[in-house]
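Let's take a walk through this one together, starting at a single residue and working outward. Have the structure open and follow along.

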Amino acid sequence: MAHSIIRKCLKPASPNFMAALSVPLIGRRLTTVAAADEEPTQSSSQSSFTFSSDGDKVYVKGPSGKWKSSSSVTMPMSFMTGSIVGKRFYKDVKTREADDGNGWTVMLDYRTLKTPSKRPLKLPTLPLAKAIAAEWEYQLTDGIRPFTMPLMRLACTALERVPLTRSKIIENLMKKFNQDLVFCRAPDDNELTTYVHDRQVEKIDPLLHWVETEFGFKPVVYSSFFGGKQEDGLVTVIENLLKKTDDCELATIDAIAASAHSLIIAIGMVHGKLQIEEAIELIRLEEDSQVDRWGLVEGGHDVDIADLRVQISSAIVFLGLSRSI
């Protein structure tokens, strides 16, 4: 009797019950639909590689210039966030000067690369264009991996997000300014934190002295996780500095600050006060002190270090290439 009741309870309401569970609500399917069009003739106009979002997918315009399945590559929105998103659909990657002579573009075969919202990917310098072209050339035939293309992501941010949301980006950066990593100081009144405090004095104080010299206000340090309050003069100076940045500089500062939890470290790097390894040492100072004391967790700390190095390094490289330095 009990077995009969269990079987009735587990019986699907309809024969399509299991089929319904297989739709993308459970697992998003990564589909790639690629059909070869005829090679363009000499008289045909040059096509563009662009994106058009529709729900959880992004459609790539094919050589015919029309949004249709026979000439498109269908990818999930994760193209901009990380996952492998479809097979490589191009052979050659090149750079060329923009049609108006103002900037440089990247070519995937005969397609002109554009940003996800169909804005022309017009890069300020040839070195940056070549670096982004190298990211696309690196992609394997079995799938495009956006997480291996940090320069492409930063370029799209600088060209699209920053011009439209500049004031909001600055507002968000300043909202976290009083809780900046370099303003937080470990207590020196107990055995567990004294070592960290001494390391902060040794490594971070020189950066704080630079801030005082550069901007004319001495930063306030505190020992509370909830932060403190910096002088209004320092807050105003930093905010005005952000307002004077160009789009590539602000995109770089925003990216570094997000990874470092420190606007001061980001500004220090952009102004040449800190090198990459010096910045990483400051960012990880407290955690590395714990590692020295208790040991490194493989698959945890080492992965975090590698990811941080990629995020910080790519932002500075992007800024340098955008300035052609």
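Start with D307, which you'll find in helix 12, the stretch covering residues 301–322. Keep in mind that this is a predicted model. Is D307 buried or exposed? Neither label quite fits: its relative accessible area is 45%, and because the partly exposed class runs between 20% and 50%, D307 counts as partly exposed.

D307 also has company. Together with E298, D302 and D304, D307 makes up a patch of negative charge on the surface. Residues need over 30% relative accessible area to join such a patch, and D307 has 45%.

Now hop over to helix 3, which spans residues 126–138 and holds P127. P127 is another partly exposed residue, with a relative accessibility of 34%. Which residues does P127 touch, once you skip those up to four places away in sequence? They are L321 and S324. Since helix 12 covers residues 301–322, L321 brings you back to the helix where D307 sits. You can also look from P127 to W104: the two are 23 residues apart along the chain, and their C-alpha atoms are separated by 9.3 Å.

Zoom out to see the whole protein. There are 12 helices and 7 strands, and 40% of the 325 residues count as buried. Among contacts with a separation of 6 or more, 61% are between residues 24 or more positions apart. As for the outside, the protein exposes about 18,300 Å², with carbon and sulfur atoms supplying 55% of that area.

Conventions. Residues numbered from 1 in each chain as written. Predicted model: local features only at pLDDT ≥ 70, side-chain atom pairs only at ≥ 80, totals over all residues. Heavy atoms only, no water. Patch = residues over 30% accessible without salt bridge, like charges linked within 9 Å, V, L, I, M, F, W, Y side chains within 5 Å. Areas by Shrake-Rupley, 256 points an atom, 1.4 Å probe, with all protein chains shown as cover. Salt bridge = Lys/Arg side-chain N within 4 Å of Asp/Glu carboxyl O. Lys, Arg positive; Asp, Glu negative; His and termini not counted. Charge placed at Lys NZ, Arg CZ, Asp CG, Glu CD. Helix = DSSP H or I, 4+ residues; strand = E, 2+ residues; numbered from the N terminus. Buried < 20%, exposed > 50% of the residue type's maximum accessible area, 1.4 Å probe, protein only. Contact = heavy atoms within 4.5 Å.
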